[in-house]
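Please look at the structure shown below. The paragraphs after it begin with a single helix and then widen the view to the whole chain and its partner.

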Amino acid sequence: MSDLTQLTLESALGGMAAGDFTSEEITIAHIDACMEAADLNAFITNTFELAIDQAKASDARRAKGAVGKLEGAPLGVKDLFCTEGVKTTAASQILGDFKPPYESSVTTNMKADGMVMLGKLNLDEFAMGSSNETSSYGNVVNPWKKNEELVPGGSSGGSAAAVAADICLGATATDTGGSIRQPASFTGTVGIKPTYGRCSRFGIVAFASSLDQAGPIAKTVKDSAILLDSMAGYDPKDSTSLNVDNGDWIASCEKSIKGMRIGIPKEYTVDGMPAEIQSLWDQGVEWMKDAGAEIVPVSLPHTKYALPAYYIVAPAEASSNLARYDGMRYGARVDGENLNDTYERTRAAGFGPEVQRRIMIGTYVLSAGYYDAYYLRAQKVRTRIAEDFKNAWESCDALLTPTCPSAPFAIGRKVNDPITMYLNDIFTVTANLAGLPGISVPAALDKNGLPLGLQIIGKALDEDTVFAAAGALEKAANFTAKPEKWWT
Amino acid sequence: MFTAERVADKKDWMSGETGDWELIIGLEVHAQVASNSKLFSGAATEYGADPNTQVSLVDAGMPGMLPVINEFCVEQAVRTGLGLNAKINLFSRFDRKNYFYVDLPQGYQISQFEHPIVGEGEIEIQPEDSDAVTVGIERLHLEQDAGKSVHDLSPTETYVDLNRSGVALMEIVSKPDMRSPEEASAYVDKLRGIVRALGTCDGDMEKGNLRADVNVSVRKPGGELGTRCEIKNVNSLRFIREAIRYEARRQIEIIETGGTIDQETRLFDSVKGETRSMRSKEDAHDYRYFPDPDLLPLNLEQSFVDGIKANLPELPDARKARFIAEFGIPAYDAGVLTADKVTGDYYETAAKGRDGKIAANWVMGELFGALNKEGKDLEDSPVSAENLGGLLDRIADKTISGKIAKTVFEKMFEGGGTADDIIESEGLKQVTDMGAIEAMVQEALDANPAQVEKAKLNPKLLGFFVGQVMKASGGKANPQAVNQILREKLGL
C-alpha cells in the first residue's frame, strides 16, 4: 500500500469509498506520522486511542452504507475548539486541565459527518500571535526549514504545520486577523476564512467575537471546500450565525473564471515589501488573465487604517472576553490574600506576555476618556473599510492580493518586536474587519525555497466565486513542492 | 423633562438649623421579568431552588459559550414600556458592563447602556393625603442579574450561588421628580401595580423580584440642586421611606455644619435604620461599556409593538376611571381598589351587578380589616369574591340586615362557605312576616307602659322599643318593618 498520508482529503475519501483502504488503516498511518513528527510540536493533546475507536466506528457505519461528508478522515482540531471530554487549552496555562463537558458546534458538525479526530493542535495563546511562539505549550516548528528553524505562522500554526507535514488530512483553524491564511501561506497549504457568520462560534474559545471565524487548513483548494462544507451551517446557539445555505463550493473549485473581474487593490503595494512578493503578485495577475479573467485596478483607500483599527478592536473585545478566566470556576487558580489578590496572581501566572499585553491595550482603549478616541474611531474605520470593499465590488467580483508581506521567518526573530509581528496581518485583517471571505493559496517558492501564498478576497457569502478563483490560481500555480522531511 | 422647578409641598419640607430643606428623589427600580427562562440562556428561573441547580453553561461563563436573546423577555420589556406610557425604541442594543466579582462569571454584565429598549414616559402617582403627582420615566432597559455571594456560611469562605446569574431584569429609571419619602414609596407602589397588572413582573419585594436604588439629594426649597447619594437595593416600601428620611437628615446635618456631600453609593441597614457608605465616587468602577459583539442589535418591527399594544390588559389608571364611572365609587376608593390587580379583580367580581358603593365598603372595611387582623393576603382570603357577592345579595334582598350580615361574614371568614348556607344553618333569616313582628312590637309595648307614654311625647325614644324587638327576635326582625309598625301603634 502506498503512503496513505500523502493523499489529499479528496482522494482519501475516494479511496475509502472504493474500498482501497479502511478508515482504521489511514488513521493508523496518520498516527504513526504524528508520532514521528513530535519535533514539530504541532499537537498539544493527541487523542490517538479515541481516533482508532472513531475510525473503527466509521468503518462500521460505512459497512452499513452510512457515509458522511468526512467519513473516516483523520483530521486535526485547533485547540481553541471545545471538545467534549478532551482537554481544551487555547494554548494557555490559565485553562489548566479544563475538559469541556460540551462540544463546539463546528466539531459537532464534523463528527456528525464522520470525522476522526487525531488530537488538538497547537496555536498561539488564545489565538493571539502570528508565529505560534506565544503558545504556553512551546512553539510549533514549520516543516519547511532552511538552515534554521522557522515559524509556521499563527495563530493556527499547529494546524498549518500538521497539514503541511502530512500528519493529518486537514485541520480546523480560526482566523481573527489572518490566523488561517497567514500560516497557510507560511506552510504551502490552503486556508480559507469564510464570511463572518458562516461557521458557528459556539464552543470556540473567544478571542475577538466580531472578528473570529472558523475555517479549514487543507492540502488543496478542493479539500478546503470539502472541509468548510462540513464545518459551516446555521446555528441558533450563535446569534451572529447566518441562516443561509452553503454554496456548491466543491463544484465551484473547478468552475471556469472566464469573464470574472479580478480587482487589484493599489493600496496593497506597501513599503518594504520584498520584490519577490510583488513579482509573485504580478505573476498571479498573469495567471488570472490567462484563465480568462478580466483584471481591474481598484482602490481601497482606507487600507492603511485597517491594521491600527484591528489592533484596537481585537484587544478591546479580548480584554472583555478573557475576563471570565478568573480562576473561580474552572482552570488554574493561584490563591492570594484576598479576592483581588487571587485574581491578580491567577491571571499573572495564567496568561503569557502577549495575552497580557493585549488585555492591557484593550482595557486602555475602552477606558473612560479614551473610548471615543480609540474604540469608537476604530469602529468608524471599520465602517469605512467595509464601504471601500462595497465600492470595489461595483467594478470587480473578487480581489487578488499577496497573503502576507514576507516568507516564513526564523523562530525568535520577531517575538520581541510586537509591531513588526503585527505587520504580518496587514493584507489579511481587512477581510476580518469587513467580514468577507478570504483564501490563501500556495503560489510559489521564494529564492530560499520557502512557500509564498496569494490571497483571494470575495464578497460576503460569495464563497463560490472565491473557490472558483482559488481553484484557477491553484491550477495555474501548480504548486507541488513539499517540505523536505527532516523530522524523523 | 426634569422638573427641577417643581417645589415640594411645604408639609414635605424638612427643617434644619438654617431653615427648611427640600428633598429631590429619583429611583432606579429593578424588576425581575416574569419569565421561566433567563435573558440569554434556557436555564430555569424558579425562586428558591437549591443553589447552583439552575445554571446553564452560558450563565457559568464557560469558555466559548454565547448568549442568545430570550424573545419573551424582550416582549415583556415592551409591554412594560407601553404600560409606562413610554416611547418604545425600535432600535436598541446590548452592551457589556465590565467588572470583576465572584458572582459575575463572565466578568461582565450584559446590559443596555447607550440604546435602551424603552425611552421616556410618565406615570401619575397618588401619595396619601396629597395631590396627584406626575413622575417622569427616563428609560427602561433590559439587563442580566448577577449571581449571589453568600458570606455568612463560613468565616473564611464566600459561597456563590449562580441561580440568579443571567436572570432578566428590567431597570426602570425615573426622573428626579419626587419630593418626599411618601411620593417615592407611592411611585414604587404604582410601578408595582402596573407591572403586576401587565404580568411582566410579580412585584414580590420580599423575594427581591422588585427592588429600588434610591437617589437622594437636598436643597433649599426651589434652590440649587445638591450632590446626590445613591442608596442601593432597598427592598420594601417602608424601608424606602426610612432610608430617604435618614439620608436626607444626614445630608442636611453635614451641610449645616459646614461640610459637603460626597457623591457616593450607600447601603441601607434596615435593622439600625441608617445608611452607610459603600464606595465613594473615586472608587467607582470604570465599567468600560462597549457593544456586546456576541449579540446583534435588537431591531423591532412597529407591527410587533402594535401587536403587544393591542393586547395590553387594562392598567390601574384606566381601571380606576372605569370603576368610578361604572360603580359610582369615590376616586379614593377606586384608587385603593385598583392599586393591585388582585384587589381590582376581587372587587369587580364582588361588585358586578350589585351596589358598587356597598361592595367597596365591604371590601375595604370588613374584608381588609379581617385580612389585616389575620395577617393574610387577599389571595388567601377565606371569603371568595363570589361568596362576598352572595352576602351582598342577601343584604340587598333584605333576607338579612346589615348587622346580621356582619355576623354572617365573620362566620364565612372563619369557616368558609356561602352566606346562604350560614343564614340557613344559623337561622339568621330576617323576619319579614308582618304579623309576627306586630306581635313582638305589641309585646314590647305591653311590657313597658311607662316608656310608651314618654315615647309618644318624644319620638326619639322610639329606638328603645326597636332595640327591645330586635333583642326579642334575635336580631332577625326587619328593622324598617319594626319602625313602621311602632310608629303606627304609637300614632306617630
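**From one helix to the whole model**

Helix α3 of chain A covers residues 48-63, and because each of its 16 residues should add 1.5 Å, a span of 22 Å is expected; the end C-alpha atoms are indeed 22 Å apart, in agreement. The model in which this helix is found is a predicted one.

Which residues of α3(A) are buried? They are A:Ala51, A:Gln54, A:Ala55 and A:Ser58. An α-helix has 3.6 residues a turn, so residues three or four places apart point the same way. Seen down the axis of α3(A), the buried residues fall within an arc of 105°, and therefore they line one face of the helix. On the other side of α3(A), A:Glu49, A:Ala60 and A:Ala63 are exposed. The cover over the buried residues of α3(A) includes helix α2 (23-36) and the strands β2 (74-78) and β3 (116-121) of chain A. After α3(A) comes A:Gly65, which has a positive phi, near 90°.

The view may now be widened to the chain. Chain A contains 16 helices and 11 strands. Its C-alpha atoms fill a box of roughly 65 × 55 × 50 Å along the principal axes. A compact globule of 488 residues would have a radius of gyration near 23 Å, and the 21 Å of chain A agrees with this. Of the 488 residues of chain A, 61% count as buried. Among contacts in chain A between residues at least 6 apart in sequence, 76% join residues at least 24 apart.

The interior comes next. The largest nonpolar core has 223 residues, and those with the most contacts inside it are A:Leu75, A:Ile456, A:Ala469 and B:Val214. Helix α10 of chain A (residues 306-321) gives the most to this core, namely 10 residues. Another core lies apart from it, with 33 residues, among them B:Ala334, B:Leu367, B:Ala385 and B:Leu428. Beyond its neighbours within four places in sequence, A:Ala469 is in contact with A:Ile257, A:Met260, A:Ile262, A:Ala398 and A:Ile456.

How many residues of chain A are in contact with chain B? There are 32, and they meet 24 residues of chain B. On the side of chain A that touches chain B, the elements giving two or more residues are α10, α11 (339-350) and α12 (353-366) of chain A. The largest share, 3 residues, comes from α10(A). By class, this side of chain A has 16 nonpolar, 9 polar and 7 charged residues.

Note on methods:
Residues numbered from 1 in each chain as written. Chains lettered and ligands numbered in written order. Predicted model: local features only at pLDDT ≥ 70, side-chain atom pairs only at ≥ 80, totals over all residues. Helix = DSSP H or I, 4+ residues; strand = E, 2+ residues; numbered from the N terminus. Rg over C-alpha atoms; globule rule 2.2 N^0.38 Å. Buried ≥ 20, exposed ≤ 12 C-beta atoms within 10 Å, placed from the backbone. Contact = placed C-beta atoms within 7 Å. Core = buried A, V, L, I, M, F, W, Y, C linked by C-beta atoms within 7 Å. Nonpolar A, V, L, I, M, F, W, Y, C, P; charged D, E, K, R; others polar. Expected span 1.5 Å × (residues − 1). Arc of directions from axis to C-beta.
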